[in-house]
Every structure is written in structure tokens, then in C-alpha cells.
Amino acid sequence: MRFFGSGASRQSTYSIEALRGRARERLPRAVFDFFDGGAEDERALTANRNAFGRHQLVPYVLRDVSEVSLAANILGTPSSLPLAVGPTGAAGFGWHKGDIAIARAAAGAGIPYGLSTSATASIEEIAEAIPQGRRWFQAYILKNRHFTEKLIARAQAAGFEALMITVDLPVGGKRERDYRNDFSIPFKFTCRNFLDFALHPRWSLPMFFRGVPRMPNLIGIDAATTDTKALASSVGRNYDPSFDWDDLRRVRDLWDGKLIVKGVMRVSDAERAAGLGCDAIVISNHGGRQLDAGLAPLAALPTIARAVGGEVEIMVDGGIRRGADIVVALALGAKAVLIGRPTLYGMCAGGEVGAMLALDILQDEFRRTMQLCGLTSVSQINSDIFKTD
Ligand SMILES: Cc1cc2nc3c(=O)[nH]c(=O)nc-3n(C[C@H](O)[C@H](O)[C@H](O)COP(=O)(O)O)c2cc1C
């Protein structure tokens, strides 16, 4: 385990929930809520987490678990864990160069990193920051198709291994914490949030001196928009709700590398993605930030895995906060899992060191859970772990 600050602070950050607490202390309420929150009543956000509590593991005992391998294979390439960091936009609002911090942590841990279209680091900056790291580029399909195609071409030129198309966001979700906090990107200063920022100098002073983060991948999206700080708010406006399966086929033809479709929740859609030649799907509800009345991805996983697990690689995300959650997801048929908030919390609490700590915590818990279950390799994880024989 690597250390986080002093011994005492390391002691107090023993779990993802504890890291979340550290992030909450450091960030203004409005910024913390932007990362932490979900849509509307946050039913999906809660459901994602609760879904894991419905699965209990039944351990094998008296097996030699002194040596355990956590190694996995994701998209045909070895990974030190069956885990990847999912794309999360606007990370730089949590820590100066927050995207690079998370990317480095992921590369250091030997797992893939997903860069969001709406990241605060460019495609090329990430390629430079983690030249040896596994890089996936997540594209939102924008109304300006030509712009999207250029982004995809840039990712190809920068050597990104996979293109991830997020399909659960034809329109933006209704994130009510942001309404309550007057939070928008770019910031609009109101009496309420000004006080919030002023009361959190550990966050606001660096922000003040280093400047408000930008979203470099989106520069030029709008011919009329030259102020990059104004771009984030224009992204929602620029999503293309008409994007459909025919368009996805065109993307498949355009992209030479691995193609991942993120946000699939139904068997029929998973079959269609497999039929189009997609290499992987991520069963996801965008961390509960989109369709609030939606099903938890973990609940959709077993049927989708049974139907198409042999044709397309299945990943799942939403609510993974413990190493044991990785075991549950794999036992239900996932090849790997993605995380969003865990590394965001770590980064918001302590930059790259904090993001590394989040990954260390999950890795440590994953190993411990495998040992406690009597399992010594990822390939041994299957649905038998739920049965008493
Ligand atoms: C602050 C934040 C920003 C996100 N931005 C994106 C994004 O730009 N593109 C995307 O496909 N998913 C995005 N997501 C969703 C994540 O990739 C992932 O699906 C989700 O966070 C997983 O749930 P978890 O946070 O419970 O791990 C975002 C999530 C959060 C919390």
C-alpha cells in the first residue's frame, strides 16, 4: 500500500467511502455535489449501490490462498486487474490537472484509462502523460458530426487503443443538486456559491491562481464559441439525440481499433451491438446521472452475459466501492468492471496520490476477498461462489 499524507491521514482513508469524506471536506459543496450526485431523486444512484448487497458470497475453506493472481485480460490485452477507469468529464474542477492525475494512477496500476470527450485534458496531453498506459477515448456524438469525426481521428493518431461510444446520453440528465447549488460550467458566481468557494480555500486558491480549467477537446465545436471556458455548457446543447444504430455502424467502419459501446442495458441492444462488430459493451446507467427511474446495471448483467457473453466482452459499472463488488460482478458474468467516482474522490482528496490510493484500496480489498473466498485466480470466479453446493 502506498501512503497518503501523514500516517494519521492514511489511517483515516482506509476505504472509498473515507476518501469520499476527504473529498467532501476539501471541495466546495457545489463542486463535490457535481461529482457525487445523480439525477432527480437519485433513485438510480442508490439502486446501483444496493444491487451489490443482494449477492452474498459463500467461501470455500481450507484451500491454499497464500499466492493469488489478480491478473486479467481486457480486450485481448493483459491487465493487472479486471478493472478499468471509466471516463469522467470535468475532473480538473476537482484538482489542477485532475484528469492527468487519474490517468497516471491508472497507468501506474497497470489498468486501462478512459478519457472523456469533456475532460479537462486533451487527447494529446493524455497520450503524452501516459505513453505506455492503456488509453481508451470516450466519444460523445455531437450534432457537429464532422467535429466528432475529427476527435476520433485525433484519438487514432494519438495511439488510443479503443474508442468508447457512450449511448445513454441522448440528452443530459436532470441533476438537481447542480440546480440547488447554482452550479454550472463555466461557474456563475452567485451569493450562495461565492460563499461556498470562499469557505474552501484549499480548493479555491489554487483554482484562482491557476485559472478555471478548460475542455480542450471541445475547442472549436461551435464556430461561434471561441471562449473555451464557455464550452462545457454548450456540450449538452451539442449532443446529437438522433444518433442511431446506422450511425454506430458508420463509427465502426471509421475506427480501426477496439470499439466499446457504453450504456447498454437490454439484451436486444447488446445483441445488436455484438452484431455490428463491437468488441465490448459496458452495462451502465452513467453512474445514476441520467435515467433516474432506470434499472441498476448489476441487475441487468446476468441475462445480458448469458445472451451475448460469448460474442462480445461484457463490462459493467455503477456503484463499485469495494473489492468484493468486483468479485460479485465477475461472478455474475462480467469480464471486467469500470469505476467512475472512486478515482474521482481520490483525486479530489489528494490529486494523483489520492487516485492511486483509491486503486490501492480496491486492489487490496479485491485480493483479500478472493483469499477469504478460497479463490486464487480471476478465472476461478464464477456463479458457484453464490451457492452452498
Ligand atoms: C462526475 C462524473 C462525470 C462523468 N462523465 C462521464 C463522461 O464524460 N462520459 C461518460 O461516458 N461517462 C461519464 N460518467 C459516468 C462514468 O463513466 C461511469 O459510468 C460511472 O461513474 C460509474 O459509476 P460510479 O461512479 O458509481 O463508479 C461520469 C460520471 C461522473 C461521476
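The following exchange goes through some labels given to residues and pairs in this predicted model.

Biologist: How confident is the predictor in the chain, and where does pLDDT stay under 50?

Modeller: The average pLDDT is 93, and 93% of the residues score at least 70. Residues 224-229 stay under 50, and the model has six contacts for them beyond four places in sequence. Where pLDDT is low, the predicted coordinates should not be read in detail.

Biologist: Why is the pair of Phe32 and Tyr345 called stacked?

Modeller: The structure holds seven aromatic pairs. In the pair of Phe32 and Tyr345 the ring centres are 6.5 Å apart and the planes are at 25°. Planes under 30 degrees apart count as stacked, so 25° gives that label. Phe32 lies in helix α3 and Tyr345 in helix α16, 313 residues apart, and the pair thus links distant parts of the chain.

Biologist: What makes Phe32 and Tyr345 buried or exposed?

Modeller: Buried means under 20% relative accessible area. Phe32 has 3%, so Phe32 is buried. Tyr345 has 4%, so Tyr345 is buried as well.

Biologist: Which residues form an aromatic cluster?

Modeller: Phe34, Phe35 and Phe183 form one.

Biologist: How do you know whether His146 and His200 are buried or exposed?

Modeller: His146, in helix α7, has 52% relative accessibility; exposed means over 50%, so His146 counts as exposed. His200 sits in the loop between α9 and α10. Its value is 18%, and with the limit for buried at under 20%, His200 therefore counts as buried. Not counting residues up to four places away in sequence, His200 touches Glu25, Arg26, Leu27, Pro28 and Arg29.

Biologist: What makes Arg20 and Glu17 a salt bridge, and how are they placed in helix α2?

Modeller: Their closest N and O atoms are 3.0 Å apart, and the cut-off is 4 Å. They are three residues apart in helix α2, which means a separation of about one helical turn. Arg20 has a relative accessible area of 18%, so Arg20 is buried. Other buried residues of α2 include Ile16, Leu19 and Ala23. The buried residues of this helix pack against α3, α10 and α16.

Biologist: Which residues do salt bridges join to Glu313 and to Lys174?

Modeller: Glu313 meets Lys335 at 3.7 Å, N to O, inside the 4 Å limit. Glu313 is in strand β9 and Lys335 in the loop between α15 and β10, 22 residues apart. Glu313, at 15%, is buried, while Lys335, at 37%, is partly exposed. Further salt bridges that share partners join Glu17, Arg20, Arg29, Asp33, Asp36, Glu42 and Arg177 into one network. Lys174 meets Glu176 at 2.9 Å, N to O. Lys174 has 39% relative accessible area, so Lys174 is partly exposed; Glu176, at 21%, is partly exposed too. The structure holds 20 salt bridges.

Biologist: Why is no salt bridge assigned to Asp317?

Modeller: The nearest side chain of opposite charge, Lys262, is 4.3 Å away. A salt bridge needs the side-chain nitrogen within 4 Å of a carboxyl oxygen, so a pair beyond that limit does not count. Asp317 is buried and is in strand β9.

Biologist: What does the side chain of Asp317 make a polar contact with?

Modeller: The side chain of Ser284, at 2.7 Å, against a cut-off of 3.5 Å. Leaving aside neighbours within four places in sequence, the contacts of Asp317 include Val282, Asn285, Pro297 and Leu338.

Conventions. Residues numbered from 1 in each chain as written. Predicted model: local features only at pLDDT ≥ 70, side-chain atom pairs only at ≥ 80, totals over all residues. Heavy atoms only, no water. pLDDT = per-residue confidence, 0-100. Contact = heavy atoms within 4.5 Å. Helix = DSSP H or I, 4+ residues; strand = E, 2+ residues; numbered from the N terminus. Buried < 20%, exposed > 50% of the residue type's maximum accessible area, 1.4 Å probe, protein only. Lys, Arg positive; Asp, Glu negative; His and termini not counted. Polar contact = N/O pair within 3.5 Å; in protein donor to acceptor, adjacent residues only side chain to side chain. Phe/Tyr/Trp six-rings, centres within 6.5 Å; stacked < 30°, edge-to-face > 60°.
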